[in-house]
Amino acid sequence: MTDRRPFAYRVIVGMVRWVMRLFFRRIEVEGQDNVPLDRGGLLVAWHPNGLIDPALIVTQFPGHAVFGARDGLLRWPILGWAMRAMGTVPIYRPQDNANQTEEARRAANQKSLDALALAVVNGSYAALFPEGVSHDNPHLSEIRSGAARLALRAHQLATESDGPEQPPVVLPVGLHYDRKSLFRSEVLVTFHPPLEIPDELVIGDPATEKARANELTERIKAALIRIVRPTEDWRLHALMHRARALISAEATARDGIERPETLTEKTLGFAQIWHGYQARRESHTEEIGTLRADITNYDRRLRALDMDDADLDRPPRLGALALGAILLFQAIGVFLLLPPFLVLGYVVNLPVHVTIQALAKRFASAEKDTATIKILAGLVLYPLAWLVAGLIASGVHVRLRDAFPALPDTPFLVGLVVFILAMFSGALVLIYTDLARKTARAIRIRLARQSRADVVAELRTERADLHDRFLELAQGLVFPDDLTDDEQRFTAPAPRS
């Protein structure tokens with residue numbers, strides 16, 4: 001199939017995709033086959049991570065996506081140019097531009113709505129965040145009617161203009177971050193099947209448009225709730241993830257087969273826990289309360305050891321001489337031999353890293369802005385640091401040649417080599433830092449397993465008990481089709497080994 005997306009759009013999306021791949025260690029994508037590319041539609045998602053959310057959607061979406069953004073963003077340097085080149089439609093919200101009359105503001109808002117609706121009719125997908133603003137809550141903010149109004153307007157324009165036979169669709173998108181502001185973290189992007197919307201809801205008397213928009217807004221809200229699985233606070237959210245992790249680790253221990261979980265599997269496990277909690281919290285209030293208190297205690301003790309659930313099952317490898325020797329050589333290589341080759345990387349890139357962290361801390365009004373600031377600052381400061389390093393090396397070479405005329409006259413080449421080395425040594429620093437962190441953690445966990453063997457054994461027993469209590473509480477639950485998996489971990493308690 002020929003790619004009909006504009007050339008500038010493809011170039012910018014390619015650049016943004018490269019930046020996303022650099023910031024995130026892993027980007028998992030699910031459900032691209034749910035996207036009907038024979039028509040236009042709306043992509044609706046929650047908004048937990050500032051400009052990172054639209055960047056992920058546009059880079060992972062298989063078709064042409066256009067965005068509506070506050071008109072102020074399009075006036076930003078560089079970012080505004082890129083957004084305009086991609087066809088971003090400025091949104092003039094009625095609450096903005098207070099110096100204008102209410103009639104003028106509403107007219108500007110309607111003009112924005114019509115521009116997006118026309119793009120949908122012509123086969124593009126308009127990506128919207130119905131909450132209107134990004135946030136740091138583990139639940140949805142108030143869902144506004146803009147997305148529903150756009151869907152109704154697109155259907156209306158398609159009907160009036162004898163548009164495509166296939167009507168526009170509303171397609172929910174899931175954005176699941178493991179740690180959204182952390183560099184080299186993971187993210188899952190899921191494209192869910194289009195919402196089922198009855199014809200009478202999108203095609204009707206203009207007099208009933210407001211009521212129909214409200215009903216469609218409620219349908220969009222319900223779909224996003226099923227995707228986000230909101231909790232009232234972050235503590236409950238964290239406990240649900242702990243429950244997911246302990247159930248997975250215990251099932252793995254009983255199976256005897258190590259299998260690292262993907263973010264897709266983690267998201268599925270969390271969804272099962274969330275669904276079970278919603279189904280049982282009213283009918284089994286006492287059991288839920290006791291289970292929550294016991295998980296809190298288990299979580300506290302596990303964190304005190306700085307371990308994950310799966311770490312409880314790893315054998316004490318320091319007891320084996322051969323494995324201990326391998327670990328020793330690994331530690332020597334990571335901490336003693338490799339660093340001298342990374343001096344340039346640290347000298348050039350470490351000050352930039354510290355500066356970016358300070359900028360994020362200073363200018364990020366909330367966690368939702370942290371990743372955005374880190375990426376935008378890094379795109380400017382890192383290349384600038386490499387360039388400065390190259391210029392300094394070139395200048396030093398000129399001075400050395402004045403003192404030692406036998407040196408070759410290659411200041412530009414020297415500067416270019418240093419620029420390239422600074423760039424690649426920066427990447428090597430990232431690899432080394434990650435390796436050093438993993439090595440240090442491996443040593444710490446092995447030592448803790450030996451010195452606190454009794455606590456580790458107690459935690460394994462607690463984990464097994466919690467696992468069985470979860471499964472017993474889940475007996476009789478019927479999970480939605482999208483929350484089932486091959487393992488069926490929530491159908492019956494497994495016998496303890």
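This report describes strand pairing, helix packing, salt bridges and a nonpolar surface patch in a predicted model.

**Strands 2, 5 and 6**

Strand 2, which covers residues 41-45, has 5 of its 5 residues buried, so the strand is largely enclosed by the rest of the structure. Its side chains divide between two directions, with G41, L43 and A45 pointing one way and L42 and V44 the other way, and all of them are buried. Strand 2 runs parallel to strand 5 (residues 125-128), and 4 bridges join the two; within this pairing, L43 has A127 of strand 5 as its bridge partner. Strand 2 also pairs with strand 6, again in the parallel sense and over 5 bridges, and here G41 stands opposite V169 of strand 6.

**Strand 7 and its partners**

Strand 6 (residues 169-177) is in turn joined to strand 7 by 5 bridges, and these two strands run antiparallel. In strand 7, F191 is the residue that V173 stands opposite. Strand 1 (residues 26-30) is joined to strand 7 as well, by 5 bridges and in a parallel arrangement, with E186 of strand 7 serving as the bridge partner of R26.

Which residues of strand 7 point one way, and which the other way? E186, L188 and T190 share one direction, while V187, V189 and F191 take the other, and all are buried. Because 6 of the 6 residues of strand 7 (residues 186-191) are buried, this strand is largely enclosed by the rest of the structure.

**Helix 15 and its packing**

Helix 15 spans residues 453-473, which amounts to 21 residues, and the distance from its first C-alpha to its last is 30 Å, close to the 30 Å expected at 1.5 Å a residue. Its buried residues include the nonpolar-named positions V455, V456, L459, L466, F470, L471 and L473, and among them are also R463, H467 and D468. The buried residues of helix 15 pack against four partners, namely helix 8 (234-255), helix 9 (263-280), helix 10 (285-304) and helix 14 (411-451).

**Salt bridges**

The count of salt bridges in the model comes to 22, and three of the pairs are set out below.

| Pair | N to O distance |
|---|---|
| R254 and E250 | 2.7 Å |
| D306 and R444 | 2.8 Å |
| R441 and D308 | 3.1 Å |

The pair R254 and E250 lies within helix 8, where the two residues are 4 residues apart, about one turn of the helix. An α-helix has 3.6 residues a turn, so residues three or four places apart point the same way. Both R254 and E250 are buried.

The side chains of D306 and R444 form a salt bridge in which the closest N and O atoms are 2.8 Å apart. This pair links distant parts of the chain, since D306 sits in the loop between helix 10 and helix 11 (321-337) and R444 in helix 14, 138 residues apart. D306 counts as partly exposed at 39% relative accessibility, and R444 is likewise partly exposed, with a relative accessible area of 36%.

R441 and D308 meet through their side chains at 3.1 Å, N to O, in another salt bridge. Because R441 lies in helix 14 and D308 in the loop between helix 10 and helix 11, the pair ties together parts that are 133 residues apart in sequence. At 43% relative accessibility, D308 counts as partly exposed. Elsewhere, R235, R242, D299, R303 and D309 are joined into one network by salt bridges that share partners.

**Helix 13 and a nonpolar surface patch**

A nonpolar patch on the surface is formed by L384, L387, V388, L391, I392, V396, L400, F404 and L407, which together have about 800 Å² of accessible area. One of these residues, L400, is found in helix 13 and is partly exposed, with a relative accessible area of 40%.

Is S394, by contrast, buried or exposed? S394, located in helix 13 (residues 367-403), has a relative accessibility of 17%, and because the limit for a buried residue is under 20%, S394 counts as buried. Leaving aside neighbours within four places in sequence, the contacts of S394 are with P411, F412 and G415.

Definitions and conventions. Residues are numbered from 1 along each chain as its sequence is written. This is a predicted model: local features need pLDDT of at least 70, side-chain atom pairs count only at pLDDT 80 or more; totals for chains, interfaces and linings use all residues. Side-chain values use heavy atoms; hydrogens and water are left out. Buried means under 20% relative accessible area, exposed over 50%, partly exposed in between (1.4 Å probe, protein chains only). Contact means heavy atoms within 4.5 Å. The expected span of a helix is 1.5 Å times one less than its number of residues. Two strands pair if DSSP finds at least two bridges between them. A salt bridge is a side-chain nitrogen of Lys or Arg within 4 Å of a carboxyl oxygen of Asp or Glu. Patches are made of residues with over 30% relative accessible area and no salt bridge: like charges are joined within 9 Å, nonpolar side chains (Val, Leu, Ile, Met, Phe, Trp, Tyr) within 5 Å. Accessible areas come from the Shrake-Rupley method with a 1.4 Å probe; for residues, only the protein chains shown count as cover.
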